Every structure is written in structure tokens, then in C-alpha cells.
Amino acid sequence: MRHWLIKSEPDVFGIDHLAKVKREPWSGVRNYQARNYMWKEMKPGDLALFYHSNAKPPGVTGIARVVGEPYPDPTQFDAKSEYYDPKSKPENPRWWLTDFEFVAKFKEMLTLESLKADTLLSEMMVCQRGTRLSITPVDPLHFKRVCKLAGWKS
């Protein structure tokens, strides 16, 4: 099993939204590296830290799980979608996604500031300057440490 960090803006789709709907396609990713993580590396059962970005403060709010196999992101074909890609064709899609299901919400957010202040967690990609990917791999030691600090036991 691999571990990931997935980012979303809480006012667009936060951990509470995922808790309510239970399962959601992770659509709208338009970065090739993040897409490749979903398309080629994520496997059903992988766990992800759910991170609220563009929030004050930003931070990890819970856990999600990868469910199902990757499939073409339907928003790329929808001309009314903000994620529409006129160069992508159904017979040769550019953008792929996977579904995530809700696992847990932390009692309290682990803020980016607290991640950076922790000697071990400061090594995480999300803590590095200039890292803006919406999906990043997470080292198993970092995942366990975040869960411990959040008081969540798998």
C-alpha cells in the first residue's frame, strides 16, 4: 500500500463534503505529474491525507482511501466544465482520475505550520517551498506520524 496527500480547497470540496457523499471522483486535476500519480501509481486501498489548501490555516484534516481503478475524467469532455480540454478526445483521453472514499476526519486540523515545525514531517513534499502539486506521495513514516499526532488509529 502507498500513501498520498490530496489537496482540495475546503469551500470547493472539503473533508466534510467527502464525509457527506462518502465517495467522490477526484476530477479536475490538470497537472501531468499529479495525473500520473492517479493513473499509474495509485491502487485501490491506498490511503491519502486529505489536505485543505487555500485555507487559513491550511492543513491535514482527515483520511481518504483510493477506491476502484482509474478512468478518464469526464470533465475534460464537457464544454461547460471549467476543466474542459478541447484537445482531449474520448478515444485518447489526456486526463484520468480515481475515486476516493471517506475514512476519517481528524478532531483537529494538523496545520501546515505544525507539519513544518515537526522535525520528521518538515521533510514532507507539502512542506517544501514551491511544491504546489495537488497530489503527492507520502512516505509511510510521515503518514504514521501525521496519524499519531492527529490521534487517528487505522
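In which strand is threonine 136 found? Select threonine 136 to begin: this residue sits in strand E6, residues 135-138, where helices (H or I, at least four residues) and strands (E, at least two) are DSSP runs numbered from the N terminus.

Before going further, note that this is a predicted model, in which local features need pLDDT of at least 70 and side-chain atom pairs count only at pLDDT 80 or more, while totals for chains, interfaces and linings use all residues. Residues are numbered from 1 along each chain as its sequence is written, and side-chain values use heavy atoms, with hydrogens and water left out.

**Around threonine 136**

With a relative accessibility of 3%, threonine 136 counts as buried; buried means under 20% relative accessible area, exposed over 50%, and partly exposed in between, with a 1.4 Å probe and protein chains only. Show the residues that threonine 136 touches, leaving aside those up to four places away in sequence, and you will find His3, Trp4, Leu5, Tyr37, Met125 and Thr131, a contact being heavy atoms within 4.5 Å.

**The whole chain**

Zoom out to the full chain, which has five helices and six strands, arranged from the N terminus as β-α-α-β-α-β-β-β-α-β-α. Taken along the principal axes, the C-alpha atoms fill a box of roughly 45 × 30 × 30 Å. The radius of gyration is 15 Å, in agreement with the value near 15 Å for a compact globule of 154 residues; this radius is taken over C-alpha atoms, and the globule rule is 2.2 Å times the number of residues to the power 0.38. Of the contacts between residues at least 6 apart in sequence, 72% join residues at least 24 apart, and 44% of the 154 residues are buried.

**The nonpolar cores**

Next, select Leu49, Val60, Leu115, Met124 and Val146, the residues with the most contacts inside the largest nonpolar core, which has 21 residues. A nonpolar core is a set of buried Ala, Val, Leu, Ile, Met, Phe, Trp, Tyr and Cys residues joined through side-chain atoms within 4.5 Å. Colour the elements that give two or more residues to this core: strands E3 (47-52), E4 (59-72) and E5 (96-111), together with helices H4 (112-117) and H5 (140-150). Helix H5 supplies the largest share of this core, four residues.

Centre the view on valine 60, whose contacts, not counting residues up to four places away in sequence, are Leu5, Leu49, Phe50, Tyr51, Phe106, Met109, Leu110, Leu115 and Val146. Apart from the largest core lies another one, of 19 residues, including Phe13, Leu18, Ala48 and Leu97.

**Stops in the loops**

Move to arginine 30, in the loop between strand E2 (23-25) and helix H3 (32-41), which is partly exposed at 28% relative accessible area. Beyond four places in sequence, arginine 30 touches Asp73, Thr75, Gln76, Tyr83 and Trp95; a distance drawn from its C-alpha to that of tryptophan 96 gives 9.3 Å, across 66 residues of sequence.

In the loop between E3 and E4, select proline 57 and inspect the peptide bond leading to it from lysine 56, which is cis, with omega near -5°. Asparagine 54 is found in the loop between E3 and E4; its phi is positive, near 50°, although the residue is not a glycine, and at 64% relative accessibility asparagine 54 counts as exposed.

Finish at lysine 22, in the loop between helix H2 (15-21) and E2, another non-glycine residue with a positive phi, about 75°. Lysine 22 is exposed, with a relative accessible area of 52%.
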